[in-house]
Amino acid sequence: MAEMVKVAVDAMGGDNAPAEIVKGAVEAANENGHVKVFLVGAENAVRRELEKHSYKPQQIEIVNATEIIETAEPPVMAIRKKKDSSIVKALQLVKNGECDAFVSAGSSGAVLVGGQVIIGRLKGVERPPLAPLIPTEKGTALLIDCGANVDARPSHLVQFAKMGSVYMESVMKVRNPRVAIVNIGAEEEKGNALVKETFPLLKNCPGINFIGSIEARDIPAGYADVIVCEAFVGNVILKLYEGVGGTLIKKVKAGMMTSLRSKVGALLVKPALKETLKEFDLEQYGGAPLLGLKGLVVKTHGSSEAIEIKNSVLQCVTFKEQKINDKIKEKITLEDE
């Protein structure tokens, strides 16, 4: 019998809390009988939302939290002062071994700080990177880092490449994943000081399939499976990805409504187009894991709806079953000795 995977979910985080958070958690539990969700937040509000759904009581538990960390609050101060907040209490569940993972659509700063301060880093990990999956022409790629480590050092990027390779190979089943560093050209001598210093380290790094530099325009084409960069660059890439994707979808839909002929054509291609566009919907891939911690932390968009919460919870199940933390620890410690 498979071991029950326990996931703490911040029921009060995000623009659509608690309704969409609770709905997504319930959908995840109903889809996978081996997951138990701990909904952490204002008990009465969470219970009201739960009453709207059908679920197995043994798979959902409410953990009361009387405080909420708002997005605009200074993260470090909020983590220290709001001990009874949904984020802090959920992270404590992971730290104490009562849960295997934590999912939140709440304050990014608080989640990143709390993950490192409360749960802590794996031995040997210098900086935990935030790593979302992004859609490409050939499937998906892991963008690492996209928000946790602005002004990273070369040694950090090398570890990102190692952790990203483990994740893509174990979770996404990509054999010998191709690793590339974001650059402004393909030549080895190009780039800023960080890229120039990191390139030879990646080139000579055992255990990863480094293919060189990748320009931003080549990322959607799927030229690499692990996209390595520091957080400032990664966050810009991610936000541009989301913005362009949303704009293109709107333009395509608007174009199909311009004439009677286009409307008829739209009806004919709608099923195929809907399936294609679904692949470029970031919500389908769950949240961004903060890799390199002693427990799994997954950050979802602040505007997350039920589908992204559901997929993030199920993502935690895969992470646990594939023993990603053990594999990351082994890769970091063994190859750095």
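Is E61 buried, partly exposed or exposed? With a relative accessibility of 33%, E61 counts as partly exposed, and the points below place this residue and several others in what is a predicted model.

1. The salt bridge of E61. The partner of E61 is K36, and the closest N and O atoms of the two side chains are 3.0 Å apart. The pair links distant parts of the chain, since K36 belongs to strand β2 and E61 to strand β3, with their positions 25 residues apart in the count. The two ends of this salt bridge fall into separate accessibility classes: K36 is buried at a relative accessible area of 18%, whereas E61 is partly exposed at 33%.

2. The sheet that holds these strands. Strands β2 and β3 belong to an open sheet of six strands, which follow one another in the order β3-β2-β1-β4-β11-β10 with mixed pairing. At the edges stand β3 (60-64) and β10 (288-289), and because each has a single partner strand, one side of each is left without a neighbour in the sheet. Within the sheet, strand β1 (residues 5-10) and strand β4 (residues 101-104) run parallel and are joined by three bridges; A8, for its part, has F102 in β4 as its bridge partner. Helix α1 (residues 19-31) lies across β1, β2 (35-41) and β3, and its direction makes an angle of about 165 degrees with β2.

3. Other salt bridges. In total the structure holds 12 salt bridges, and two further examples may be set beside the one already described. R47 pairs with E43, the closest N and O atoms being 2.8 Å apart, and both residues lie in helix α2 (residues 43-50), four residues apart, or about one turn of the helix. R47 is partly exposed with a relative accessible area of 39%, and E43 is likewise partly exposed, at 31%. The side chains of D100 and K320 also meet in a salt bridge, at 3.3 Å from N to O. This pair links distant parts of the chain, for D100 sits in the loop between α4 (86-95) and β4 while K320 is in helix α10, 220 residues apart. Both ends are partly exposed, D100 with a relative accessible area of 23% and K320 with one of 34%.

4. The surroundings of G295. D100 appears again among the contacts of G295, which touches V94, D100, I119 and N325 when residues up to four places away in sequence are not counted. G295 is found in the loop between β10 and β11 (296-299), and its relative accessible area of 5% makes this glycine buried. The C-alpha atom of G295 is separated by 8.7 Å from that of L122, although the two residues are 173 residues apart along the chain.

5. Aromatic pairs. How many aromatic pairs does the structure hold? There are two. In one of them, Y167 and F319 form a tilted arrangement, with 6.4 Å from centre to centre and 45 degrees between the planes. Here too distant parts of the chain are linked, as Y167 is in helix α6 (residues 154-170) and F319 in helix α10 (residues 306-321), 152 residues apart. Y167 counts as buried at 1% relative accessibility, and F319 is buried as well, at 6%. The other pair, F199 with F210, is edge-to-face, with 5.1 Å from centre to centre and 75 degrees between the planes. F199 lies in helix α7 (residues 193-203) and F210 in strand β8 (residues 209-214), 11 residues apart. F199 is buried with a relative accessible area of 6%, and F210 also counts as buried, at 16%.

6. Cysteines. The structure holds zero disulfides. Why is C99 without a bond to C316? The sulfur of C316 is the closest cysteine sulfur to that of C99, but the two are 10 Å apart, which is too far for a bond. C229 is in no disulfide either, the nearest cysteine sulfur being that of C146, 8.2 Å away. C99 is buried with a relative accessible area of 4%, and C229 counts as buried at 4% relative accessibility.

How values were computed: Residues numbered from 1 in each chain as written. Predicted model: local features only at pLDDT ≥ 70, side-chain atom pairs only at ≥ 80, totals over all residues. Heavy atoms only, no water. Phe/Tyr/Trp six-rings, centres within 6.5 Å; stacked < 30°, edge-to-face > 60°. Helix = DSSP H or I, 4+ residues; strand = E, 2+ residues; numbered from the N terminus. Buried < 20%, exposed > 50% of the residue type's maximum accessible area, 1.4 Å probe, protein only. Disulfide = S-S within 2.5 Å. Pairing = 2+ DSSP bridges. Contact = heavy atoms within 4.5 Å. Axes fitted to C-alpha atoms, helices over the stretch in contact; angles between N-to-C directions. Salt bridge = Lys/Arg side-chain N within 4 Å of Asp/Glu carboxyl O.
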